[in-house]
Amino acid sequence: MTHNPIRPWRNISRRKSRQIMVGSVPVGGDAPISVQTMTNTDSSDVRATLDQVIRAADAGADIVRISTPDVASTQALREICRESPVPIVADIHFHYKRAIEAAEAGAACLRINPGNIGDASRVREVIKAARDHGCSIRIGVNAGSLEKHLLEKYGEPCPAAMVESGLDHIRILQDNDFHEFKISVKASDVFLAAAAYQELAEATDAPIHLGITEAGGFVGGTVKSAIGLGNLLWMGIGDTIRVSLSADPVEEVKVGFEILKSLGLRTRGVQIISCPSCARQGFDVIKTVETLEKRLEHIKTPMSLSIIGCVVNGPGEALMTDIGFTGGGAGAGMIYLAGKQDHKMTNEQMVDHIVGLVEERAALIEAAKDEAAE
């Protein structure tokens, strides 16, 4: 549960789930909600894939998934896992041998559909490989690839069919005494996905991986994901998330973190509160925010920054942020520190000055953390 005794209406009571480990990252229980993405390079290309993994990790990804459809990709996975700064999930769809090879190569988790792996003996082999190599498993149910008998039973993909599929797959793992698993029930339809996840949350205590699959391009997919994932997270459902966009995986990570930050579930980097701008603005708000977002990407320390074009809402917003700038006219505005007016600054020098203030505050916060740790 997020804890805010002063503003209890901001609290989110998280669903109680079991905790598993994906490599070094705890998922479920009271662990922070982790952010995932997936590479889109040729998985057999070690350098290109690893470079993308590193960029995603730098952007804040806790876990990265890699598709492993063939022997070449599972062979490359060994070096990728060895050099990756974050745990790697191997995405397996049909061939059980790829799952075994991925486990042997060092994957922290196997994303599988147990029903597609083959007969019971093959499932047991995959589970043994996962157990022997310390892998967890993600059961991945997708509305677009439900089993034929469930489509015949329900007539179409629906929440009940998706949850039944997931519970059937859970049973396969549990019958083999394997319990280090998480589960997803994804759909591209926000209503279908949200309803399926709510039903799933009632039916199991397994950690839940949230996602709106095939969400679309950057803008459309971001909106769909924010609506679907945001509402579920607000209800306390979800232990790890992946925002699926037809965009650079780094953008998926950024959007995922922004969703979590907006709900107070994770804090990382600078959260900018800015106005949409209007005729009252004392400086170019849109250009300033775009510039600050780029120049402050390197800051990992949680911090809030308000950039408001005029004095109508500027002082009030600055009260709630660590650092603020409010446009005042005559080519200058007011800098606020910890909610209080501190000094004036020209529009021309504002961006460099704010970047310096943020970097200085981040350094002080990190130094205090280090001192406390010692």
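## A buried alanine in helix α8

A residue counts as buried when its relative accessible area is under 20%. This structure is a predicted model, and A193 is a good place to try out that cut-off. With a relative accessibility of 0%, A193 counts as buried. Its home is helix α8, which covers residues 190-203.

What does A193 touch, leaving aside residues up to four places away in sequence? The answer is V185, A187 and I212. You can also look for L210: it lies 17 residues from A193 along the chain, and the C-alpha atoms of the two are separated by 9.0 Å.

## Helix α2 and its kink

Now find helix α2, made of the 13 residues 71-83. At 1.5 Å a residue, α2 should span 18 Å, and its end C-alpha atoms are 19 Å apart, which agrees. Helix α2 also has a kink of about 30°, centred on L77.

Which residues of α2 are buried? They are S73, T74, A76, L77, I80 and C81. Here a general point about helices is handy: an α-helix has 3.6 residues a turn, so residues three or four places apart point the same way. The cover over the buried residues of α2 includes two helices, α1 (46-59) and α3 (96-105), along with the strands β4 (63-67) and β5 (88-91).

## A sheet of five strands

Next comes an open sheet of five strands with mixed pairing, in the order β11-β12-β13-β14-β15. At its edges stand β11 (270-274) and β15 (340-346); each has a single partner strand, so one side of each is left without a neighbour in the sheet. On average, and ignoring direction, neighbouring strands here are turned by 20° against each other.

Strands of a sheet pair through backbone hydrogen bonds, either parallel or antiparallel. Which way do β11 and β12 run? They run parallel, and five bridges join β11 to β12 (residues 303-308). In one of these pairings, I272 has L305 of β12 as its bridge partner.

Helices pack on this sheet too. Helix α11 (residues 285-295) touches β11 and β12, and its direction makes about 160° with that of β12. Helix α13 (residues 347-373) touches β11, β12, β13 (323-329), β14 (332-337) and β15, and its direction makes about 135° with that of β15.

## Cysteines without a bond

How many disulfides does the structure hold? It holds zero. For C109, the nearest cysteine sulfur belongs to C135 and is 7.4 Å away. C109 counts as buried because its relative accessibility is 0%.

C275 is another cysteine to look up. The closest cysteine sulfur to its own is in C278, at 6.7 Å, which is too far for a bond. With a relative accessible area of 21%, C275 is partly exposed.

## Two positive phi values

Most residues other than glycine have a negative phi. D177, which is not a glycine, has a positive phi near 55°. Where is D177 found? It is in the loop between α7 (159-175) and β8 (181-186). D177 counts as exposed because its relative accessible area is 55%, and the cut-off for exposed is over 50%.

A338 has a positive phi as well, near 55°. A338 sits in the loop between β14 and β15, two strands of the sheet described above. Is A338 buried or exposed? At 62% relative accessibility, A338 counts as exposed.

Technical notes. Residues are numbered from 1 along each chain as its sequence is written. This is a predicted model: local features need pLDDT of at least 70, side-chain atom pairs count only at pLDDT 80 or more; totals for chains, interfaces and linings use all residues. Side-chain values use heavy atoms; hydrogens and water are left out. Helices (H or I, at least four residues) and strands (E, at least two) are DSSP runs, numbered from the N terminus. The expected span of a helix is 1.5 Å times one less than its number of residues. The bend at a residue is the angle between axes fitted to the seven residues ending there and the seven starting there. Buried means under 20% relative accessible area, exposed over 50%, partly exposed in between (1.4 Å probe, protein chains only). Contact means heavy atoms within 4.5 Å. Two strands pair if DSSP finds at least two bridges between them. Axes are lines fitted to C-alpha atoms, for helices over the stretch in contact, and angles run from 0 to 180 degrees between N-to-C directions. A disulfide is a pair of cysteine sulfur atoms within 2.5 Å.
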